[in-house]
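Biologist: Could you take me through one part of this model up close? I'd like to start from a pair of charged side chains and work outward from there.

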Amino acid sequence: MPEPTPTRVGVHSLDHFTLAVPDLAEAERFYAAFGLDVERREDRLLLRTAGRDQVWADVLDGTSKKLLSIRFGIYERDLAVIAARVADVRIENPDAASNAIWCRAPDGLPVEIAVAPKSSPDTKGSFDLPARFHEHRGAGPRSRNAIVRPRRLAHIALFTGGVPEALGFYGDRLGLRLSDRSGDDVAFLHGAHGSDHHLIALARSDGPGMHHCSWDVATVAEVGQGAMQMEAVGYTRGWGLGRHVLGSNYFHYVRDPWGSYSEYSADMDFIPATMDWPGADHPGEDSFYQWGPPPPEDFVRNYEIATA
């Protein structure tokens, strides 16, 4: 396990989320097509990425789509300090065998804080053009395309009824650091011990929910091929290919059957633990995307509220 950064206290990784959906079989089909390793266990799905044992998400059978909780990883050294910071918003630990801390975000979302190995990157992830097909051709035939398989959970974008209040919780209490924001509409936060430009994004809404989960891939070609991979099995709604401004990543979002998105993401900015990133407030036109097609009209609609 990497050593914690001296003088910095805060969560180091986004390790897990738990999501309820009304159709577990359809969720299994969607996430398997996306390129994740999906394990079925009675009333839930466990989501992993290729070659990793870590369970990034539990998907449960429910009456409607709802984000049930998120979990952050923390160094043991920081546990007592963060426990004191969240003392007034602690909730009962649902797993009596665990020594994790559970608390509530301002919108009521349960948040787990657990001592765990650092799963966020310690350096900027590899990013390159795919290898040439052979000496004279750069690209091979479509029939030879490999299945796109994400490397890890990159971040999660949360709807919140109040971005300033959420910043107070995730920043002041949990130790995440502001990367960039656009007024009270959206904010991006990174880990104190080094991480991608954001582990979580906060988007203004009328209440809590999950806008998207983002998954890291190695090349911009994989972003485009992932989109085609999903279209081939009927998941045609989404947004991309494009490039974000804040975070700089290339993206394609695939809309799931319940109105949220899974994102293929490549080449996000990395913020080292030793850097004091100059988080800034950006105008709306400079905070969304640098290039790409126009987003869908309902791209920022919170369907967890709409279907509640």
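Which residue forms a salt bridge with E39, and how far apart are the closest N and O atoms?

Modeller: Sure, with the reminder that this is a predicted model. The partner of E39 is R41, and the closest N and O atoms of that salt bridge are 2.8 Å apart. E39 is partly exposed because its relative accessible area is 27%, between the 20% and 50% cut-offs. R41 is partly exposed as well, at 44%.

Now for the surroundings. Strand β2 spans residues 37-41, and it belongs to an open sheet of seven strands. Reading across, the order is β2-β3-β4-β1-β5-β7-β6, and the pairing is mixed. β2 and β6 (101-104) are the edge strands; each has a single partner strand, so one side of each has no neighbour in the sheet. On average, neighbouring strands here are turned by 20° against each other, ignoring direction.

Step inward from the edge and you get to β3 (residues 44-48) and β4 (residues 57-61), an antiparallel pair joined by four bridges. In that pairing, L45 faces V59 of β4. Right beside V59 in the sequence there's a charged residue to look at, D58, which also sits in β4. D58 counts as buried because its relative accessible area is 9%, under the 20% limit. Beyond its sequence neighbours up to four places away, D58 touches H16, F17, T18, L19, R44, L45 and L46.

Then there are the helices. Helix α1 (residues 24-34) lies across β1 (13-21), β2, β3 and β4, and it runs at about 160° to β2. Helix α2 (residues 76-85) packs on the sheet too, touching β5 (66-74), β6 and β7 (110-115), with its direction at about 125° to that of β5.

What about the nonpolar packing? The largest nonpolar core has 58 residues, and those touching the most other members are F17, I70, F72, V111, Y170 and L174. F17 turned up above as a contact of D58. The biggest contribution to this core comes from α1, with six residues. Follow L174 and, leaving aside neighbours within four places in sequence, you find contacts that include F72, I82, V86, V111 and I113. Y170 is one of the buried residues of helix α3 (residues 163-173), along with V163, A166, L167, F169 and G171. Just past that helix, G175 has a positive phi of about 85°.

Cysteines are quick to deal with: C103 is buried at 0% relative accessible area, C213 is likewise buried at 0%, and the structure holds zero disulfides.

Back to charges, since that's where you started. E39 and R41 make one of 20 salt bridges in the structure. For another local case, D122 meets K118 at 2.9 Å, N to O; D122 is partly exposed at 45%, while K118 is buried at 12%. A long-range case is R8 with D276, whose closest N and O atoms are 2.9 Å apart. That pair links the segment before β1 to the loop between β17 (270-271) and β18, spanning 268 residues. R8 is buried at 7%, whereas D276 is exposed at 61%. R177 joins R8 and D276 in a network of salt bridges.

Terms used. Residues numbered from 1 in each chain as written. Predicted model: local features only at pLDDT ≥ 70, side-chain atom pairs only at ≥ 80, totals over all residues. Heavy atoms only, no water. Pairing = 2+ DSSP bridges. Helix = DSSP H or I, 4+ residues; strand = E, 2+ residues; numbered from the N terminus. Axes fitted to C-alpha atoms, helices over the stretch in contact; angles between N-to-C directions. Contact = heavy atoms within 4.5 Å. Disulfide = S-S within 2.5 Å. Buried < 20%, exposed > 50% of the residue type's maximum accessible area, 1.4 Å probe, protein only. Core = buried A, V, L, I, M, F, W, Y, C linked by side-chain atoms within 4.5 Å. Salt bridge = Lys/Arg side-chain N within 4 Å of Asp/Glu carboxyl O.
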